[in-house]
Amino acid sequence: MDLIHPSSKADVVEAVRDANAAARRLLVVGGRRHLDKGNPAEVDAELWTTQLDRLVAYEPAEMIAVVEAGMRVGDLERILAEGGQEWPSDAPADATVGGVIACGASSPRRLRFGALRDTVLEAEIVTGDGRLVRSGARTVKNVTGYDLHKLVAGSLGTLGVIVQVALKVRPLPHARRTLRFEGDLALARELLDAVHGSTSVLATPGAVELRLEGWPEEVEEQTSNARRIAAATVEDEGPFPSDRPWEALPVVAEAAVPPSRLDAAIVGEAWGALAGVGLAWVGLGSPNGELRELRDRVRAAGGIAPVVRGPGGLGDAPVAAPDVQRRLMEAFDPNGVLAPGRGWVAEA
């Protein structure tokens, strides 16, 4: 397997154009933290983005950071923390910014901060046929043009190579608190209804963690509201989540369903479910019977359950607007250079 390590946008353009000319297939690689998400794809070379790791621009007053896509999440966290800010990805420190965006990773704090794709204000990508294109603008209020920068979020590197992004960042909270309760998903829903503005309500087998972030007065009021529902067994300011039981197993699926159908996304004894979001991480012993059972339940609830760690791929749930997705692939990667078959739709 050949490894390609471009150090500039021009190098990426050249590498992709060379692959088109030689009919070679490329797999875009960042920190290798999210490569299991996606269907198996035969490729001839890996195109690594990790040398594209520069900070292009950052002004804390504007709350916008422009970085190359190979920057490590941990490096970005340190830079932003000096300005009293964060990019709420909650991704591993050695993951790359572009990889987190391309795989459509979800944060345990999604209830408060929404999908990460909504933090992407602008993106520069190299399409599968070697064009460097830019979408969006370095301003929070921008309504011009097509949202191509949102399109590449979750595309698994099959439409283009993300080389640079402008991110909307946020202030670090002045107070943080996690309350841990004995309970189940029913208690999680009670807390969700009672504690407005919660950062996260995470149910795991036998326990519920309520994460609160904001101004000290706000957090104290939310804590009081939570105590009216149930007595917390632990209250601290430590890392969140404090427990990730799903990570102890070799296969992890990320099930997404309508929030009201979250029960359908829970099987086994190693899971974490986000109340109010409709997202659950489920640890499985193998990609066989347990995964099929989970996907059957999730499909009946109108959702999907791709594997994000270990074998198992994306699954066979119906894909929304498959013809539109195929036309997009034809427009962005007409020669099938970028790991064709890896994404949600088969080769164009």
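Which helices and strands each supply at least two residues of the lining of the largest pocket? In this predicted model, the elements that do so are helix 3 (97-102), helix 5 (148-151), strand 15 (251-256) and helix 9 (322-332). Helix 9 gives the largest share of that lining, with four residues.

The pocket that these elements help to line holds about 1100 Å³ of space, and its lining is made up of 50 residues, among which Ala153, Gly154, Ser155, Gln325 and Trp344 lie nearest the centre. When the residues of this lining are sorted by character, 32 turn out to be nonpolar, 10 polar and eight charged.

The second largest pocket, to which the reader may turn next, holds about 540 Å³ of space. Its lining consists of 21 residues, and those closest to the centre are His34, Pro92, Arg244, Glu247 and Val308. Two elements give two or more residues to this lining, namely strand 15 and strand 18 (307-309), and strand 15 is also one of the elements that supply at least two residues to the lining of the largest pocket. In the second largest pocket the lining residues divide into nine nonpolar, four polar and eight charged.

From the pockets the path leads to strand 9, which spans residues 160-168 and is mostly covered, since eight of its nine residues are buried. Strand 9 pairs with strand 5 (residues 64-68) in the antiparallel sense, over five bridges, and within this pairing Ile64 has Lys168 of strand 9 as its bridge partner. Strand 9 also pairs with strand 7 (residues 120-127), again in the antiparallel sense, over seven bridges; here Thr127 stands opposite Gly160 of strand 9. As a general point for reading such strands, the side chains of a regular strand alternate between the two faces of the sheet.

A single residue, Asn20, may serve as the last stop. Asn20 is found in helix 1, which covers residues 9-22, and its relative accessible area is 17%, so Asn20 counts as buried, the cut-off being under 20%. Once residues up to four places away in sequence are set aside, Asn20 touches Gly128, Asp129 and Gly130, together with Asn335 and Val337.

Terms used
Residues are numbered from 1 along each chain as its sequence is written. This is a predicted model: local features need pLDDT of at least 70, side-chain atom pairs count only at pLDDT 80 or more; totals for chains, interfaces and linings use all residues. Side-chain values use heavy atoms; hydrogens and water are left out. Buried means under 20% relative accessible area, exposed over 50%, partly exposed in between (1.4 Å probe, protein chains only). Contact means heavy atoms within 4.5 Å. On a 1 Å grid over the protein atoms alone, a cavity is a set of points where a 1.4 Å probe fits but cannot get out, and a pocket is an open set with protein on both sides within 12 Å along at least five of seven lines; lining residues have an atom within 4 Å of a point. Grid points are joined across faces, edges and corners, and a volume is the space filled by probe spheres set on the points. Ala, Val, Leu, Ile, Met, Phe, Trp, Tyr, Cys and Pro count as nonpolar, Asp, Glu, Lys and Arg as charged, and the others, Gly among them, as polar. Two strands pair if DSSP finds at least two bridges between them.
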